[in-house]
Amino acid sequence: MKKFFPIYDIKAIDRRTTELQGIEYIQLIDRAARALCDWVTDHYTRRKVVVLAGPGNNGADGICLAILLREREWLVDLHTYTGYKGRRGENNEACLRQLSDTDIEYDENEAAPSLAPGCLVIDALFGTGLKRDLEGPAAQVARFVNESKCEIVSIDIPSGIGNEDNYLKMTDRQIIRATHTVTFQFPKMAFFLPELHPYIGRWHVLDIHLAPLAIEEAPTFMYYSDNTEAAALLRPRSRFAHKGVMGHALIFAGSEGMSGAAILASKAALRTGCGLVTTATAPASYVPLQVAVPEAMVITPHSERRDIITWDDRMNIERASAIAIGPGLGRDPYARELLRMVLKTYGERVPIVIDADGLYALRPLLDEGVELPPNVILTPHPGELDRLTEPHTQAVERVDAACLLAIRHKAAVVLKGAFTMTALPDGRRVFNTTGNSGMATAGSGDALTGIIVSLLAQGYSAERAALLGVALHAAAGDAAAAALTEEAMTSADIVAHIPDAFKTLKGKQ
């Protein structure tokens with residue numbers, strides 16, 4: 001897992017870096033500008049560049065970038081803004097003085113800069129220090145730029161978003177809509193929020209060599225992960241392994257008309273390396289499961305009545321090393337009582353994944369005061385999280401709610417989304433940065449449940465199973481999208497590409 005930080009902590013790391021490396025802050029600005037210049041020239045052919053530079057350090061980055069691009073013989077227009085206080089910061093002034101050695105001319109506080117077709121706009125107006133709405137010329141510029149057809153690269157964060165205190169106040173604000181946002185050393189929390197995606201566009205993190213000790217010393221509860229971090233979680237398989245030692249997953253899933261959920265979860269569990277899978281399902285799903293997943297054992301209740309919890313003796317649940325409950329289970333009282341039985345009887349013995357209809361059944365049990373046993377993983381999508389906690393209107397609220405839920409119940413909470421976040425019982429939150437929009441398809445969550453329960457059954461801890469499971473699921477989704485396109489892939493394709501997910505992660509080891 002890689003650390004990232006709230007805005008105020010990043011500023012402290014910057015200051016600590018200058019102390020440890022014996023440099024001035026202006027030298028950090030120069031590093032950032034040089035990294036930006038390399039990024040721009042790598043991603044774009046030479047063209048006219050219009051740099052919009054505000055009065056602070058974000059504007060200083062933009063001014064230095066303008067100088068460096070001009071040195072590489074790019075055509076550059078520079079427009080500067082003094083902001084609400086009518087003055088510039090010390091670093092900003094220092095960068096402006098460097099313009100005397102160039103042929104770059106600049107104007108000040110111009111509300112509507114000239115934007116020729118095909119030019120590139122660099123947004124360096126206001127970064128993460130902004131604590132108010134854009135006003136005056138800056139707001140007019142933002143509106144004008146957004147209405148143009150130019151590509152926009154925002155430095156650090158699109159102007160108008162500001163710091164974390166502003167994330168709940170995006171309605172009716174004037175914000176630059178970037179094509180790309182290029183930030184330094186760490187992503188920002190804003191990058192993981194769907195409400196802010198229309199402004200941020202595609203984001204990129206550039207290394208500006210902040211002091212490793214400064215990063216190591218700084219505490220945080222925020223992390224992100226990619227395939228490299230996930231690969232480190234994989235355990236080798238013994239040459240002498242057999243099905244009896246590779247875990248036995250028991251999956252409660254499926255009901256009349258919902259056999260597909262049980263099939264997807266069962267197939268995913270087997271594809272992820274579990275030695276044995278038993279699927280406990282409704283009588284109506286018995287034949288579909290036997291045909292679709294011949295490798296799985298299938299059991300059904302003695303009774304056709306869904307208000308009676310009686311299972312065939314072949315279940316032999318004592319042998320299960322992990323349990324998943326919920327995919328396609330149905331939302332009648334039977335599902336709630338089945339979940340109650342599983343939690344009470346087996347929760348202290350084996351880890352449990354609760355998903356889909358299992359989460360629907362969980363809320364009334366929590367309201368009754370039922371306590372979750374240790375090593376439980378909850379895998380809600382945003383709507384299911386709202387049901388478990390309370391309704392929310394913004395993703396940043398759901399992130400906090402998922403973390404509180406994990407802490408309160410000592411569970412891992414996997415909040416599914418574009419950047420699926422795993423909230424851990426100790427307060428850490430880990431965002432997965434892989435995956436794609438093609439995974440937004442029916443049954444994708446059922447596949448994730450099967451992957452996670454398989455890892456639990458094989459002996460991975462709840463934390464590792466959640467983090468690795470999310471990564472494998474996303475890597476399989478990326479492989480499916482590469483083969484089939486995001487538009488055409490289905491959840492069955494995600495399951496079919498789990499082998500490619502393992503290849504991807506093992507290639508990172």
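In this predicted model, strand S10 and strand S13 (residues 322-325) run parallel and are joined by four bridges. Within that pairing, Phe252 has Ile325 of S13 as its bridge partner. On to the other neighbour: S10 also pairs with strand S11 (residues 276-280), again in the parallel sense, this time over five bridges. Here Ala249 sits opposite Val277 of S11. To get from S10 to S11 the chain passes through helix H9 (residues 259-271), and the resulting β-α-β crossover is right-handed.

So how much of S10 is buried? Five of its five residues (248-252) are, with buried taken as under 20% relative accessible area, so the strand is largely enclosed by the rest of the structure. Neither face is left uncovered: His248, Leu250 and Phe252 are buried on one side, and Ala249 and Ile251 are buried on the other.

Zooming out, S10 belongs to an open sheet of eleven strands, which runs S1-S9-S18-S17-S16-S15-S14-S13-S10-S11-S12 with mixed pairing. Strand S1 (2-4) and strand S12 (297-299) are the edges, each pairing on one side only. From one strand to the next, the twist averages 20°. At the S1 end, the pairing with strand S9 (residues 222-225) is antiparallel and takes in three bridges. One landmark there is Lys3, whose bridge partner in S9 is Tyr223.

Next come the enclosed spaces. The structure has two cavities of 30 Å³ or more, and the largest has a volume of about 60 Å³. Its lining is made up of Ser225, Ala230, Leu233, Thr420, Thr422, Val430, Asn432, Leu467, Val470 and Ala471. Strand S18 (429-432) and helix H16 (462-484) are the elements that give two or more residues to this lining, and H16 gives the most, with three. What kinds of side chain line the largest cavity? Sorted by class, there are six nonpolar and four polar residues, and no charged ones.

The open pockets are another matter. The largest pocket has a volume of about 1000 Å³. Its lining runs to 37 residues, and Lys11, Gly56, Asn57, Asn58 and Gly129 are the ones nearest its centre. Four helices, H1 (7-21), H2 (25-43), H3 (57-71) and H4 (90-97), each put at least two residues into the lining. The class breakdown for this pocket is 14 nonpolar, twelve polar and eleven charged residues.

The second largest pocket holds about 760 Å³ of space. It is lined by 32 residues, with Lys416, Gly417, Met439, Ala440 and Ser444 closest to its centre. Helix H13 (382-388), helix H15 (444-457) and H16 each supply at least two lining residues. H15 has the largest share, at four residues. H16 therefore turns up in two places, since this helix contributes to the lining of the second largest pocket as well as to that of the largest cavity. By class, the second largest pocket is lined by eleven nonpolar, 14 polar and seven charged residues.

Methods:
Residues numbered from 1 in each chain as written. Predicted model: local features only at pLDDT ≥ 70, side-chain atom pairs only at ≥ 80, totals over all residues. Heavy atoms only, no water. Buried < 20%, exposed > 50% of the residue type's maximum accessible area, 1.4 Å probe, protein only. Pairing = 2+ DSSP bridges. Right-handed = clockwise from strand over helix to strand, strands pointing away. 1 Å grid on protein atoms, 1.4 Å probe; cavity = no way out; pocket = protein on both sides within 12 Å on 5 of 7 lines; lining within 4 Å. Points joined across faces, edges and corners; volume = space filled by probe spheres on them. Nonpolar A, V, L, I, M, F, W, Y, C, P; charged D, E, K, R; others polar. Axes fitted to C-alpha atoms, helices over the stretch in contact; angles between N-to-C directions.
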